[in-house]
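The exercises below are meant to be worked with the sequence and the coordinates open side by side. Each one sets a task and then gives a solution in steps.

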Amino acid sequence: MAAHACAASRALQAAVASRSFRCRYHEAFGAFPQDRVFVPGVVDAKGLLAPLPADPRAQAPVPSPHVLVAPCPAGHPLAGQLRCTARRALAPGFSLPYAGELYRGRSDHHYYSSTYSCSASGGMVVDGLRYCNEAAFVNHYYGIADSPNCRLAECEQAKAAVSVVSPIAPGEELLVDYGLEYCTRNQVPHPDVPAWARDFGALARLTELSGRLASLEAELAGARRRQQAACSSREDLGLRWRASR
């Protein structure tokens with residue numbers, strides 16, 4: 001049974017890595033994207049820090065009875081994108097687990113501070129880019145409401161969660177403050193982050209990406225040189241073999 005679960009998880013991860021994963025979720029999931037793997041909590045592709053992810057196409061998951069992923073309506077600052085809304089009234093103190101891939105820390109997680117990354121307990125990081133639940137679609141409050149009605153919290157059991165701080169009515173959107181660091185690095189508007197700081201963050205991100213691109217180009221050039229050398233060596237051996245006959 002364990003071997004079968006590992007094989008199924010590897011097949012799932014291969015589909016996710018190749019971006020060929022698609023799952024037609026039940027209508028109870030609302031607008032949850034077909035190219036995302038729904039998981040109820042944190043997972044680990046190696047099965048070391050958390051359970052292996054299960055394939056929702058083989059094992060039908062259960063959506064949250066408290067929240068729903070829905071499209072942002074016309075007139076919304078993020079119209080055309082997704083949001084997380086309340087199915088029922090949510091009182092302060094309610095927590096929604098932030099599900100995703102669990103990493104030991106920022107250094108082990110190259111997606112850190114990307115759109116779907118969240119700090120977790122023990123200095124860990126949860127990434128909801130590929131594996132996630134409804135919490136991945138909780139938006140930044142600024143421009144949508146005067147203040148957030150939720151906050152991102154670290155907790156021992158779920159590692160990370162979206163915690164309600166003010167009453168939320170049925171159909172109302174859950175909103176958090178993404179924080180100064182995140183907004184600066186990702187050019188997200190924030191009342192405490194001036195425009196020049198966001199520009200500086202964008203420049204730093206561009207410099208980082210340029211460095212990665214240069215490294216990849218160097219690796220590719222090296223691979224081409226090795227391939228050319230191997231071809232030349234084979235041709236040389238062929239010429240010497242024909243000359244010896």
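Two strands are said to pair if DSSP finds at least two bridges between them, and this cut-off is needed in the first exercise. The model is a predicted one, with three helices and 13 strands in the protein.

**Exercise 1.** Determine in which order the strands of the four-stranded open sheet are arranged, and which of them stand at the edges.

*Solution.* Begin with strand E2 (residues 42–43), which runs parallel to strand E6 (residues 100–103) and is joined to it by two bridges; since the cut-off for pairing is at least two bridges, the definition is satisfied. Within this pair, Val 42 stands opposite Gly 100.

Next, follow E6 to strand E8 (residues 125–127), where three bridges connect the two in the antiparallel sense, with Leu 102 facing Val 126 across the pair.

Then go from E8 to E7, again antiparallel and again over three bridges, where Ser 117 has Asp 127 as its bridge partner.

Putting the steps together, the order is E2-E6-E8-E7 in an open sheet with mixed pairing. E2 and E7 (117–119) each have a single partner strand, so they form the edges and one side of each is left without a neighbour in the sheet.

**Exercise 2.** Establish whether Glu 101 is buried or exposed, and describe what its side chain meets.

*Solution.* First locate the residue: Glu 101 belongs to strand E6. Its relative accessible area is 5%, and because buried means under 20%, Glu 101 counts as buried. For the protein as a whole, 38% of the 245 residues fall into the buried class.

Now look for a polar partner, and a contact of 2.9 Å is found between the side chains of Glu 101 and Arg 130.

Finally, set aside the neighbours within four places in sequence; the residues in contact with Glu 101 are then Val 43, Val 125, Val 126, Asp 127, Arg 130 and Tyr 131.

**Exercise 3.** Characterise the second largest pocket by its volume and by the classes of the residues that line it.

*Solution.* The volume comes to about 280 Å³. Ten residues make up the lining, and those nearest the centre are Val 16, Arg 19, Asp 35, Leu 129 and Arg 130. Arg 130 has already appeared as the side-chain partner of Glu 101. Sorted by class, the lining holds five nonpolar and five charged residues, with no polar ones.

Methods:
Residues are numbered from 1 along each chain as its sequence is written. This is a predicted model: local features need pLDDT of at least 70, side-chain atom pairs count only at pLDDT 80 or more; totals for chains, interfaces and linings use all residues. Side-chain values use heavy atoms; hydrogens and water are left out. Buried means under 20% relative accessible area, exposed over 50%, partly exposed in between (1.4 Å probe, protein chains only). A polar contact is a pair of N or O atoms within 3.5 Å; within protein, one must be able to donate a hydrogen and the other to accept it, and residues adjacent in sequence count only if both atoms are side-chain atoms. Contact means heavy atoms within 4.5 Å. On a 1 Å grid over the protein atoms alone, a cavity is a set of points where a 1.4 Å probe fits but cannot get out, and a pocket is an open set with protein on both sides within 12 Å along at least five of seven lines; lining residues have an atom within 4 Å of a point. Grid points are joined across faces, edges and corners, and a volume is the space filled by probe spheres set on the points. Ala, Val, Leu, Ile, Met, Phe, Trp, Tyr, Cys and Pro count as nonpolar, Asp, Glu, Lys and Arg as charged, and the others, Gly among them, as polar.
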